[in-house]
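Colleague: Could you take a close look at the salt bridges in this one for me? I'd like to hear who pairs with whom, and what surrounds them.

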Amino acid sequence: MEQIDVHPPHVLIFPLPAQGHVNCMLKLAELLSLSGFKISFLNTDHNHESLTRFADIEARFHKYPGFNFITISDFLPEHYLRSGYSVLDMFNSMELGAKPVFRQIVIEMRPPVSCIIRDGVAGFVLDVALELQIPTVRFRTVSGCCFWTYYSVPDVIEAGQLPIQGEEDMDRIITKVPGMETFLRCRDLPSFCRVNDAQDPNLQIITKETRKSSQAEALILNTFEDLEGPILSEIRKQCPKIYAIGPLHELLKTKTQASYQSSNSLRQVDRTCITWLNTQPSQSVLYISFGSITMITKDQLMEFWHGIVSSKKRFLWVIRPDSLTDMEEIPEQFQEGPKENGYVVKWAPQEEVLAHKAIGGFLTHSGWNSTLESIVAGVPMICWPFFADQQVNSRFVSEVWKLGLDMKDVCDRRIVEKMVNDLLVDRREVFVKSAARMAELARKSVAEGGSSSSNLNHLIQDIRKMCMKSQDN
């Protein structure tokens, strides 16, 4: 890890413009910086401004002399709402407008870029890399199980198992995703599959770009072998060169010997909730957060409220100001600060919260970063997914890994109350045992000699070889 190259590889890292992607790829960027690589991190103007306002990234990365932040427009108006399904607008606007700008950035960079690590479905990045003959490594920040589901969608369509034929069809089993033939239902497919037309543009671009993964030199996944081994085996049949190097946040802590990493947050973190947690009994608090982009209706929010209050359990609840659809006003009971049985903040230091001794469960949107952070902390989950990969993740949490309960497509106060009591009381022992076992496997994977730590070393060595080969040509 500590090898310093005389002429280190110059790696350009380009995340998609969303909190989870930026957070994840910044952690990868720091891990590669520790190896002596020169890193150029390309972020959107909007997200970089948020990072510099709410996080200490410039000071934190200043200790890496080869690290450089650069920016590009997301081609949306300055005050455009960047939450909920509008995130897709960002992806689409960049796909339409960013290619010539990105190409010029790459051409002008000195020293020349020797490798691009690209995120998600940004097809224009691969186009430019192929044109300029720059090796690429693809980093999909979703779970392995979601990546494989995306990859298999064309086969599902060809078999006539998509599109979904209405609500009565949602529990039909999908049999054309290898490794998931017995338990994956229509309702567990990524949200982009919930369309009446198999030619839907968003569905087509996601699956088409996922299939292009084999055009990259390699594929990085933020997961670990003991969690997703069977699915990784299926993926390797199509993409042989895979580096499973997760959980990235725990791997980075291991390499830097830090208790907690500094924030990569695009929002202002409210640390008063840690002070409140310090006064609560061990494993007594339900942490509630639906992530950085989930949008819910006011009625749904109130159903959750009544269910949580009726459960009589302590709670720490993250309510973003932009979390309600149609920009409705947040109800009075969700204003910041202490409540009768809980505490409300606009944004929390989630890794630290989940690791706190007072936390007993996590009501989550099942984003992949949140899922991995909960796994590492050994915290059982109630899953209420919003979109994209989250539907698949929630099915695996409940059905495969037995780490919690899946509540997708339901928002009823009685069910919320029942699931909270199931997680924290009635079935707590079973979930805690499973969660503790998986947390231990996660920690072993990132320890020296563990699968993720070894895979990171292989990735670093292979990038060096890839760049040497590129320089020779």
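Modeller: Here is a walk through the salt bridges, followed by a look at the packing around them. Keep in mind that this is a predicted model, so every value here is computed from it.

Let's start with the general idea. Side chains of opposite charge can pair when their charged atoms come close. Across the whole structure, a search turns up 31 salt bridges. Let's go through a few of them one by one.

Take Arg60 and Asp56 to begin with. They form a salt bridge in which the closest N and O atoms are 2.8 Å apart. How buried or exposed are the two partners? Arg60 counts as buried, because its relative accessibility is 9% and the cut-off for buried is under 20%. Asp56 has a relative accessibility of 36%, so Asp56 counts as partly exposed.

Now hop over to Asp422 and Lys418, whose side chains meet in a salt bridge at 2.9 Å, N to O. Both belong to helix H16 (residues 413-426), and because they sit four residues apart there, about one helical turn separates them. Asp422 is buried, with a relative accessible area of 8%. Lys418, at 51% relative accessibility, counts as exposed, since exposed means over 50%.

Next comes Asp171 with Arg185, where the closest N and O atoms of the salt bridge are 3.7 Å apart. This pair links distant parts of the chain, 14 residues apart, with both Asp171 and Arg185 in the loop between H7 and helix H8 (201-211). Asp171 counts as partly exposed at 47% relative accessibility, whereas Arg185 is buried at 16%. These two also have company: they belong to a network of salt bridges whose members include Glu167, Arg187, Asp188, Arg194, Arg395 and Glu399. Asp406, Lys408 and Asp409 are linked in that network too.

One more acidic residue deserves a glance. Glu303 is in helix H12 (residues 298-311), and Glu303 is buried, with a relative accessible area of 18%. What does Glu303 touch, leaving aside its neighbours within four places in sequence? The contacts are Cys411, Asp412, Arg413 and Val416.

So much for charges; now for the nonpolar side of things. In soluble globular proteins, nonpolar side chains tend to be buried together. Here the largest nonpolar core has 73 residues, and those touching the most other members are Met180, Ile235, Leu277, Tyr287, Leu316, Val353 and Trp401. Helix H7 (residues 144-158) gives the most to this core, with eight residues. Zooming in on Ile235, and not counting residues up to four places away in sequence, we find that Ile235 touches Gly144, Phe147, Trp148, Leu219, Leu221 and Ile242. Apart from this core lies another, of 39 residues, with Leu31, Ile245, Leu252 and Leu266 among them.

Helix H2 (residues 45-54) makes a nice small example of burial, its buried residues being Asn47, His48, Ser50 and Leu51. They are on the same side of H2, because they cover an arc of only 160 degrees around the axis. Among what covers these buried residues are helix H1 (19-34), strand S2 (38-44), helix H3 (57-61) and strand S3 (67-72).

Last, the empty spaces. The structure holds three cavities of 30 Å³ or more. The second largest has about 90 Å³ of space, and its lining includes Phe290, Leu301, Trp317 and Arg320.

Methods
Residues are numbered from 1 along each chain as its sequence is written. This is a predicted model: local features need pLDDT of at least 70, side-chain atom pairs count only at pLDDT 80 or more; totals for chains, interfaces and linings use all residues. Side-chain values use heavy atoms; hydrogens and water are left out. A nonpolar core is a set of buried Ala, Val, Leu, Ile, Met, Phe, Trp, Tyr and Cys residues joined through side-chain atoms within 4.5 Å. Buried means under 20% relative accessible area, exposed over 50%, partly exposed in between (1.4 Å probe, protein chains only). Helices (H or I, at least four residues) and strands (E, at least two) are DSSP runs, numbered from the N terminus. Contact means heavy atoms within 4.5 Å. The arc is that of the directions from the helix axis to the C-beta atoms. A salt bridge is a side-chain nitrogen of Lys or Arg within 4 Å of a carboxyl oxygen of Asp or Glu. On a 1 Å grid over the protein atoms alone, a cavity is a set of points where a 1.4 Å probe fits but cannot get out, and a pocket is an open set with protein on both sides within 12 Å along at least five of seven lines; lining residues have an atom within 4 Å of a point. Grid points are joined across faces, edges and corners, and a volume is the space filled by probe spheres set on the points.
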